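Take a look at the model below. Then read on for a short tour of its parts.

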Amino acid sequence: MELQVQLLMNTLQIGSVYVLFALGLTLIFGVMKIVNFAHGTFFTAAALIVSSVMIWGVGTMGLSIWFSYLLAFFLALVVVCLIGFVVYIFGFQYFLKDLNGSFILSIGLLLLLNGTFLILYGGVPRSIPDVIPGNVSFLGASLTLQRLVLMIVASVITLGLYILVHRTKLGLSLRAVAEDQEAAMLQGIPFRRVALYGFLIGATLAACAGALMATVTPVTTVIGDDFLVKAFIIIIIGGLGSVLGAILGGLLIALIESFGGYYFDPSTATLAMFVLVVVLLIVRPQGILGHAEK
Amino acid sequence: MLRSNPGLALCILIALAAICFALFSGDPYYVQVVIWVFANAVLAVTLRFVLLIGELNIATAAFFGIGAYATAVASTIYDLPFFISLLAAPVIAGLVSALFGWITLRTKGPYFLLISFAFTEIVRLFYTKSEFLGGNSGMIGMFPPMVLNDYYPAIAITLLAAILFGLYLTERSNLGRVFKAIQNNEDIPRSVGLNVIGLKILCFVIASTAVGLAGGVHAYTNSVIAPADFTFFVAVLALAYVKIGGEGHIIGPIIGAATLTLAGQFLHSFGPYENIFYGAIIIGVLLLMPGGIIGLGKGFIGSSTVRRDPH
């Protein structure tokens with residue numbers, strides 16, 4: 001029982017980060033109809049910024065840990081948003097709804113940014129000090145307070161996004177564009193501006209995931225790439241462009257990863273995910289919650 | 001056929017020259033570079049072959065690896081003769097691709113792209129976890145038989161050139177036209193009674209078999225293969241060759257592969273800057289010359305004919 005609770009807690013904690021990451025990817029797909037292979041670099045950039053600002057803030061400036069973390073978190077979001085803005089203006093806006101073109105562009109960005117990170121930061125993993133020390137126990141399972149807070153913050157952001165997409169005017173235009181771009185434009189929705197907002201929100205979500213993940217795992221320059229394959233599996237399972245699908249898919253993949261990883265081993269768990277995807281594709285090619293394709 | 005097509009005659013001449021170079025040149029390094037150029041050309045051309053039906057197939061990298069591993073297993077574990085081991089590569093790659101295509105080609109566009117990407121990474125993961133396949137360090141000891149050793153580079157180049165030629169002929173045949181028709185609008189070929197899914201699978205299997213054979217050749221050329229040689233990055237580079245050469249004609253990816261492979265020989269010394277360079281080239285070409293090198297060439301020829309028109 002304790003063990004299962006522990007594994008379930010792990011699932012929720014990994015899953016919450018997967019959900020944030022996959023949500024950004026699926027949102028960008030929904031609005032722009034492109035798959036952003038450079039999504040992991042937003043995640044990596046945020047994690048690297050958090051780690052370097054923390055080391056600078058705590059080490060050099062002598063700021064308190066939680067204050068420098070908040071500062072780092074904020075800076076990471078701003079910088080990633082800026083990167084997102086630049087790559088959108090100079091690249092992605094020419095490849096809206098062009099799957100192959102945008103794939104190549106995002107791969108080019110991935111190479112360029114990953115190479116730059118490696119030169120700026122080197123290959124050595126860095127860890128940051130605990131922002132919130134201490135443990136809690138829950139039904140006999142123990143969990144660091146830090147991970148619990150991470151989970152709560154990630155859930156709040158996810159909830160916030162859900163409200164944004166389903167309860168606000170911006171969300172309505174995002175959904176309208178995702179559903180049918182021409183019809184949305186006929187209703188006076190500025191497609192290009194909405195696409196830019198969608199892209200920036202997606203990049204910010206990846207940055208949140210990266211900044212949160214930096215607190216619990218050592219940061220390397222390729223940290224985002226590991227998330228990318230899993231995020232792809234998540235959005236295939238959930239259905240491309242579906243917010244709820246990304247949430248369910250993220251939790252399901254985390255469940256397989258933490259239980260499968262414990263009872264068998266991590267690579268068996270990854271293979272199991274792939275088998276799941278294959279079965280799903282045979283039964284329901286458009287994903288659990290995806291819309292039927294033409 | 002050759003008289004009416006001087007470009008094809010020139011390509012065949014270049015291939016023959018490369019084979020002669022492999023037979024008579026004393027410098028193994030340059031022979032190796034020539035084999036790389038041809039192998040990369042096959043990767044790029046097979047990637048483009050699946051683009052004929054409109055799908056971007058990252059699994060090109062996976063089937064290149066499957067071919068290489070099939071040959072390695074046949075020759076080092078089962079001690080099969082050289083040509084049979086080499087034949088194992090396209091056969092196994094073809095069979096696996098038929099199954100994979102049958103499952104996944106019901107999807108298209110982004111779903112197919114993502115699933116082929118995931119497949120590539122997972123096949124690689126499978127190699128690293130299989131003791132049988134040598135795990136992370138891969139497999140060693142694929143040598144051509146002693147008698148053939150001196151001729152092996154020439155055999156490799158002949159096989160790779162034959163693949164390129166075969167794919168060219170397939171594209172020019174009626175089958176190739178049907179593939180392009182599927183890309184344009186798959187409902188129209190379906191409306192005249194063609195089995196579109198079956199044809200898509202056929203296209204995918206042809207490309208995977210071809211790239212599988214190239215993988216087998218790669219295994220014998222290198223004598224060492226490892227999971228890290230077959231990441232999705234192989235397909236990304238192949239795509240870069242296609243984009244830089246131009247995807248309008250089969251010669252585009254070949255020119256792109258030759259250009260970038262030769263340039264890459266100088267770039268290895270750049271270390272971490274190598275990836276930045278590739279990234280910058282891909283973005284630059286995509287934004288500045290969407291038709292690739294042959295697009296530029298066509299533009300040049302086009303503008304010169306326009307100027308000549310009034311006379």
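What covers the buried residues of α12(B)? In this predicted model, the cover includes α4 (99-121) of chain A. It also includes α10 (232-245) and α11 (251-267) of chain B. The cover therefore draws on both chains, as its listed helices come from chain A and chain B.

Which residues of α12(B) are buried? They are E274(B), I276(B), Y278(B), G279(B), I282(B), I283(B), V285(B) and L286(B).

The length of this helix can be checked too. Helix α12 of chain B runs over residues 273-288, which makes 16 residues. At 1.5 Å a residue, it should span 22 Å. Its end C-alpha atoms are 22 Å apart, so the two values agree.

**Where the chains meet**

Helix α12 of chain B also belongs to the side that touches chain A. How many residues are in contact there? On chain B there are 38, and they are in contact with 41 residues of chain A. The area buried between the two chains is about 3600 Å². Carbon and sulfur atoms give 87% of that area. Y111(B), L114(B) and I122(B) supply 20% of the area that chain B buries against chain A, more than any other three residues.

Which helices of chain B take part? Four of them, α4 (82-104), α5 (110-129), α10 and α12, each supply at least two residues of the side that touches chain A. Helix α5(B) gives the most, with 13 residues.

Now for the polar side of this interface. The count of salt bridges between chain B and chain A is zero. The rule finds one residue pair in polar contact across the interface, with both residues at pLDDT 80 or more.

**Salt bridges**

Over all chains, the count comes to eight salt bridges. Three of them are listed here.

| Residue pair | N to O distance |
|---|---|
| E257(A) and K230(A) | 3.2 Å |
| R190(B) and E186(B) | 3.1 Å |
| K243(B) and E247(B) | 2.8 Å |

Start with the pair in chain A, E257(A) and K230(A), whose side chains meet in a salt bridge. This pair links distant parts of the chain, 27 residues apart. E257(A) is in helix α10 (residues 243-263) of chain A, and K230(A) is in helix α9 (residues 223-238) of chain A. Is K230(A) buried or exposed? K230(A) has a relative accessible area of 18%, so it counts as buried.

Next come K243(B) and E247(B). K243(B) is buried, because its relative accessible area is 15%. E247(B) is at 36% relative accessibility, so E247(B) counts as partly exposed.

**A closer look at E186(B)**

Where is E186(B) found? E186(B) is in the loop between α7 (174-184) and α8 (187-191) of chain B. At 15% relative accessibility, E186(B) counts as buried. Its salt-bridge partner R190(B) is partly exposed, with a relative accessible area of 38%. The side chains of E186(B) and R190(B) are also joined by a polar contact of 3.1 Å.

E186(B) has other neighbours as well. Leaving aside residues up to four places away in sequence, E186(B) touches K108(B), A181(B), V196(B) and K200(B). One of these, K200(B), is also part of a network of salt bridges that links E186(B), D187(B), R190(B) and K200(B).

**Two lysines with positive phi**

Chain A holds two residues to note for their backbone angles. K33(A) has a positive phi of about 55 degrees, although K33(A) is not a glycine. K33(A) sits in the loop between α1 (2-32) and α2 (39-60) of chain A. At 28% relative accessibility, K33(A) counts as partly exposed.

K97(A) also has a positive phi, near 65 degrees, and is a residue other than glycine. K97(A) is found in the loop between α3 (65-90) and α4 of chain A. With 41% relative accessibility, K97(A) counts as partly exposed.

**How far to trust chain B**

The mean pLDDT of chain B is 86. In this chain, 94% of the residues reach 70 or more. Which stretch stays under 50? Residues 304-311 of chain B do, and the model has zero contacts for them beyond four places in sequence. Where pLDDT is low, the predicted coordinates should not be read in detail.

Note on methods
Residues numbered from 1 in each chain as written. Chains lettered and ligands numbered in written order. Heavy atoms only, no water. pLDDT = per-residue confidence, 0-100. Contact = heavy atoms within 4.5 Å. Helix = DSSP H or I, 4+ residues; strand = E, 2+ residues; numbered from the N terminus. Expected span 1.5 Å × (residues − 1). Buried < 20%, exposed > 50% of the residue type's maximum accessible area, 1.4 Å probe, protein only. Buried area = accessible area lost by both parts, 1.4 Å probe. Salt bridge = Lys/Arg side-chain N within 4 Å of Asp/Glu carboxyl O. Polar contact = N/O pair within 3.5 Å; in protein donor to acceptor, adjacent residues only side chain to side chain.
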